[in-house]
Amino acid sequence: MALPKISEARELTDEQLVQEIIAVKKQLFQLRLQKATRQLEKPHQFRHARHRLAQLLTVEHERKRASVSQAKSEAE
């Protein structure tokens, strides 16, 4: 299974982005729970989930930064 592409994250709407971030955080929690109870069968899922979360948070931060700079330029 290949790592997800950031272009897929950039295609999401703001609402979908927030929902996806919540879903990935829940998935990471479940993976940690499985690891603690020694039920984790696919440890590579940690890397994929953390990678996806980083991508989603990066896109969210880019959008916030762009909206702030746009608002700042409109104020001037």
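**Close-up 1. The cover over helix H2 in this predicted model.** Helix H1 (6-10) and helix H3 (44-75) are among the elements that cover the buried residues of H2. Those buried residues of H2 are Leu17, Ile21, Val24, Leu28 and Leu31. In an α-helix there are 3.6 residues a turn, so residues three or four places apart point the same way. Helix H2 itself runs over residues 14-36, and its 23 residues reach 33 Å from the first C-alpha to the last, close to the 33 Å expected at 1.5 Å a residue.

**Close-up 2. Alanine 23 within helix H2.** Alanine 23 has a relative accessible area of 40% and is therefore partly exposed, whereas Val24 of the same helix, H2, is buried. The C-alpha atom of alanine 23 is separated by 9.9 Å from that of alanine 49, although the two residues are 26 residues apart along the chain.

**Close-up 3. Lysine 35 and the ring of phenylalanine 46.** The charged end of lysine 35 sits over this ring, at 5.7 Å from the centre of the ring. As for pairs between aromatic rings, a search of the whole structure finds zero of them.

**Close-up 4. Arginine 38 in the loop between H2 and H3.** Just after H2, arginine 38 takes a positive phi of about 60°, and this is a positive value in a residue other than glycine. Most residues other than glycine have a negative phi. Arginine 38 counts as exposed because its relative accessibility is 79%, and exposed here stands for a value over 50%.

Conventions: Residues are numbered from 1 along each chain as its sequence is written. This is a predicted model: local features need pLDDT of at least 70, side-chain atom pairs count only at pLDDT 80 or more; totals for chains, interfaces and linings use all residues. Side-chain values use heavy atoms; hydrogens and water are left out. Helices (H or I, at least four residues) and strands (E, at least two) are DSSP runs, numbered from the N terminus. The expected span of a helix is 1.5 Å times one less than its number of residues. Buried means under 20% relative accessible area, exposed over 50%, partly exposed in between (1.4 Å probe, protein chains only). Contact means heavy atoms within 4.5 Å. Rings of Phe, Tyr and Trp (its six-membered ring) pair if their centres lie within 6.5 Å; planes under 30 degrees apart count as stacked, over 60 as edge-to-face and the rest as tilted. A charge sits over a ring if NZ of Lys or CZ of Arg is within 6 Å of the ring centre and within 35 degrees of the ring normal.
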